[in-house]
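Student: I am new to this structure and should be grateful for a close look at one part of it. Could you take me through how the helices there are packed together, and explain each term as you use it?

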Amino acid sequence: MDHSRRFDQAAARRANGSAEVLPFQTPLKELEQEPTAREIEVLQLISEGVVNRDIGKMLFLSEETVKSHVRHLLAKLQARSRAHAVDVGFRRGLLT
């Protein structure tokens, strides 16, 4: 009930013109975000056929961190596989 009363009070202040209404922006979902620079580096190496273990060595990352980057890439690019992610990366101009 307390929540309902606070809402009514805030609505009354807004109706009187004494309250500022701040626009609410929801945080971007992972699918709406662009890949980070590091994720694009990983994607570039994937496109060259490099495996996770070697990507980690080349970028000074653990293999688990590389796997995490790959998971994020698949979600952000809405790709079903590493090969599909590479295809999407080329079509979107992320890879050259």
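Tutor: The axes of helix 3 and helix 4 come within 8 Å and cross at roughly 105 degrees. Helices (H or I, at least four residues) and strands (E, at least two) are DSSP runs, numbered from the N terminus. An axis is a line fitted to C-alpha atoms, for helices over the stretch in contact, and angles run from 0 to 180 degrees between N-to-C directions. The crossing makes helix 3 roughly perpendicular to helix 4; that term covers 65 to 115 degrees, while angles under 35 count as roughly parallel, over 145 as roughly antiparallel and the rest as oblique.

The model is a predicted one, in which local features need pLDDT of at least 70 and side-chain atom pairs count only at pLDDT 80 or more, whereas totals for chains, interfaces and linings use all residues. Residues are numbered from 1 along each chain as its sequence is written, and side-chain values use heavy atoms, with hydrogens and water left out.

From helix 3, N52, R53, I55 and G56 make the contact, and from helix 4, E63, V66, K67 and V70; contact means heavy atoms within 4.5 Å. By class, three of the residues in the contact of helix 3 with helix 4 are nonpolar, two polar and three charged. Here Ala, Val, Leu, Ile, Met, Phe, Trp, Tyr, Cys and Pro count as nonpolar, Asp, Glu, Lys and Arg as charged, and the others, Gly among them, as polar.

Within helix 3, N52 merits attention. N52 has a relative accessible area of 14% and is therefore buried: buried means under 20%, exposed over 50%, and partly exposed in between (1.4 Å probe, protein chains only). Apart from neighbours within four places in sequence, N52 is in contact with E63, V66, K67, V70 and R82. Its side chain also makes a polar contact with the side chain of R82, at 2.7 Å. A polar contact is a pair of N or O atoms within 3.5 Å; within protein, one must be able to donate a hydrogen and the other to accept it, and residues adjacent in sequence count only if both atoms are side-chain atoms.

In the loop between helix 3 and helix 4 lies F60. Its phi is near 60 degrees, a positive value in a residue other than glycine. Most residues other than glycine have a negative phi. F60 is exposed, because its relative accessible area is 77%.

Helix 4 has a further partner in helix 2. The axes of helix 2 and helix 4 come within 9 Å and cross at roughly 95 degrees, so these two helices are roughly perpendicular as well. R38, E39, V42, L43 and I46 of helix 2 meet V66, H69, V70, H72, L73, K76 and L77 of helix 4. The residues of this contact comprise seven nonpolar, two polar and three charged. One of them, E39, is a member of helix 2 and counts as buried because its relative accessibility is 3%. Leaving aside neighbours within four places in sequence, E39 is in contact with H69, H72, L73 and K76.

These helices also share a nonpolar core, that is, a set of buried Ala, Val, Leu, Ile, Met, Phe, Trp, Tyr and Cys residues joined through side-chain atoms within 4.5 Å. The largest such core has 16 residues, of which V42, L43, I46, I55 and L77 touch the most other members. Two or more of its residues come from each of helix 2 (37-47), helix 3 (52-59), helix 4 (63-77) and helix 5 (82-91). In soluble globular proteins, nonpolar side chains tend to be buried together. Beyond four places in sequence, I46 is in contact with I55, V70, R82 and V86.

Helix 5 completes this account. Its buried residues are H84, A85, V86, V88 and G89, and they pack against helix 2 and helix 4. V86, at 12% relative accessibility, counts as buried and touches L43, I46, S47 and L95, not counting residues up to four places away in sequence. The C-alpha atoms of V86 and S47 are separated by 5.8 Å, although the two residues are 39 apart along the chain. Just after helix 5, G93 takes a positive phi of about 80 degrees.
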